[in-house]
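Trainee: I have a structure open and would like to go through it with you. Could we begin with the charged side chains and then move on to the fold?

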Amino acid sequence: MEAALRLRESSGACLLDVRERWEWELTHVAGAQHMPMNEVPLRWQTLPDEAPILVLCHHGVRSNAVAHYLQKNGVDEVYNVRGGIDAWANEVDSALAKY
């Protein structure tokens, strides 16, 4: 999965999980930053300035919307994690719970 490779290659990359709290509590990638989608407009400026941001949700729809929002607000290096945590669990870390 391209996102996992990008995280490994970039020491300062931020994996931003925009799923709801109950989804986060069910399963999440260790080291990810949790910011539910509805909180992004209020908190996005707390994200690292000079680091790539990889946005993750369940399947990639919410994260795609958040990635576009961040780009419109001047975040240069932002990427949607296609397939979301579901794909991450299938391709990167099979120990993650699936739902």
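Mentor: Let us fix a term before anything else: a salt bridge here is a side-chain nitrogen of Lys or Arg within 4 Å of a carboxyl oxygen of Asp or Glu. Bear in mind that this is a predicted model, in which local features need pLDDT of at least 70 and side-chain atom pairs count only at pLDDT 80 or more, while totals for chains, interfaces and linings use all residues. Residues are numbered from 1 along each chain as its sequence is written, and side-chain values use heavy atoms, with hydrogens and water left out.

Trainee: OK, how many salt bridges does that rule give?

Mentor: The count comes to three salt bridges. One of them joins Asp17 and Arg19, whose closest N and O atoms are 2.8 Å apart.

Trainee: And are Asp17 and Arg19 buried or exposed?

Mentor: Buried means under 20% relative accessible area, exposed over 50%, and partly exposed in between, with a 1.4 Å probe and protein chains only. Asp17 counts as buried because its relative accessibility is 0%, and Arg19 is likewise classed as buried, at 0% relative accessibility.

Trainee: What does Arg62 pair with?

Mentor: Arg62 meets Glu23 in a salt bridge, with 2.9 Å from N to O. Since Arg62 lies in helix H4 and Glu23 in helix H2 (residues 21–26), the pair ties together parts that are 39 residues apart in sequence. Helices here are DSSP runs of H or I with at least four residues, strands are runs of E with at least two, and both are numbered from the N terminus.

Trainee: How accessible are Arg62 and Glu23?

Mentor: Arg62 has a relative accessible area of 23%, so it is partly exposed, whereas Glu23, at 4% relative accessibility, counts as buried. As a further position for Arg62, its C-alpha atom is separated by 9.2 Å from that of Gly84, 22 residues apart along the chain.

Trainee: Which residue does Arg43 bridge to?

Mentor: Arg43 forms a salt bridge with Glu39, and their closest N and O atoms are 2.5 Å apart. Arg43 is partly exposed, with a relative accessible area of 29%, and Glu39 is partly exposed as well, at 29% relative accessibility.

Trainee: What about charges outside the salt bridges, then?

Mentor: Asp49, Glu50, Asp76 and Glu77 form a negative surface patch. Patches are made of residues with over 30% relative accessible area and no salt bridge, where like charges are joined within 9 Å and nonpolar side chains (Val, Leu, Ile, Met, Phe, Trp, Tyr) within 5 Å. Asp and Glu count as negative and Lys and Arg as positive, while His and the chain ends are not counted.

Trainee: Where does Glu77 lie?

Mentor: Glu77 is in the loop between helix H4 (61–72) and strand E4 (78–80), and at 35% relative accessibility Glu77 counts as partly exposed.

Trainee: Switching to the fold, what is the overall pattern along the sequence?

Mentor: The protein has five helices and four strands, and along the sequence they follow the pattern α-β-α-β-α-β-α-β-α.

Trainee: In what order do the strands sit in the sheet?

Mentor: The four strands form an open sheet in the order E2-E1-E3-E4, with parallel pairing. E2 and E4 are the edge strands, each pairing on one side only. Two strands count as paired if DSSP finds at least two bridges between them.

Trainee: Can you take me across it, strand by strand?

Mentor: Starting from the E2 edge, E1 and strand E2 (residues 33–34) pair in the parallel sense over two bridges, with Leu16 partnered by Gln33 and Asp17 by His34. Strand E1 (residues 14–17) is joined to E3 by four bridges, again parallel, where Cys14 stands opposite Ile53 and Leu15 has Leu54 as its partner. Three bridges then join E3 to E4, which also run parallel, and there Val55 is partnered by Asn80.

Trainee: Which way do the side chains of E1 and E3 point?

Mentor: In E1, Cys14 and Leu16 are on one side and Leu15 and Asp17 on the other, and all are buried, leaving both faces covered. In E3 (residues 53–56), Ile53 and Val55 point one way and Leu54 and Leu56 the other way, and these are all buried too.

Trainee: What share of the protein is buried?

Mentor: Buried residues make up 43% of the 99 residues in the protein.

Conventions: Accessible areas come from the Shrake-Rupley method with a 1.4 Å probe; for residues, only the protein chains shown count as cover. The place of a charge is taken as NZ of Lys, CZ of Arg, CG of Asp or CD of Glu.
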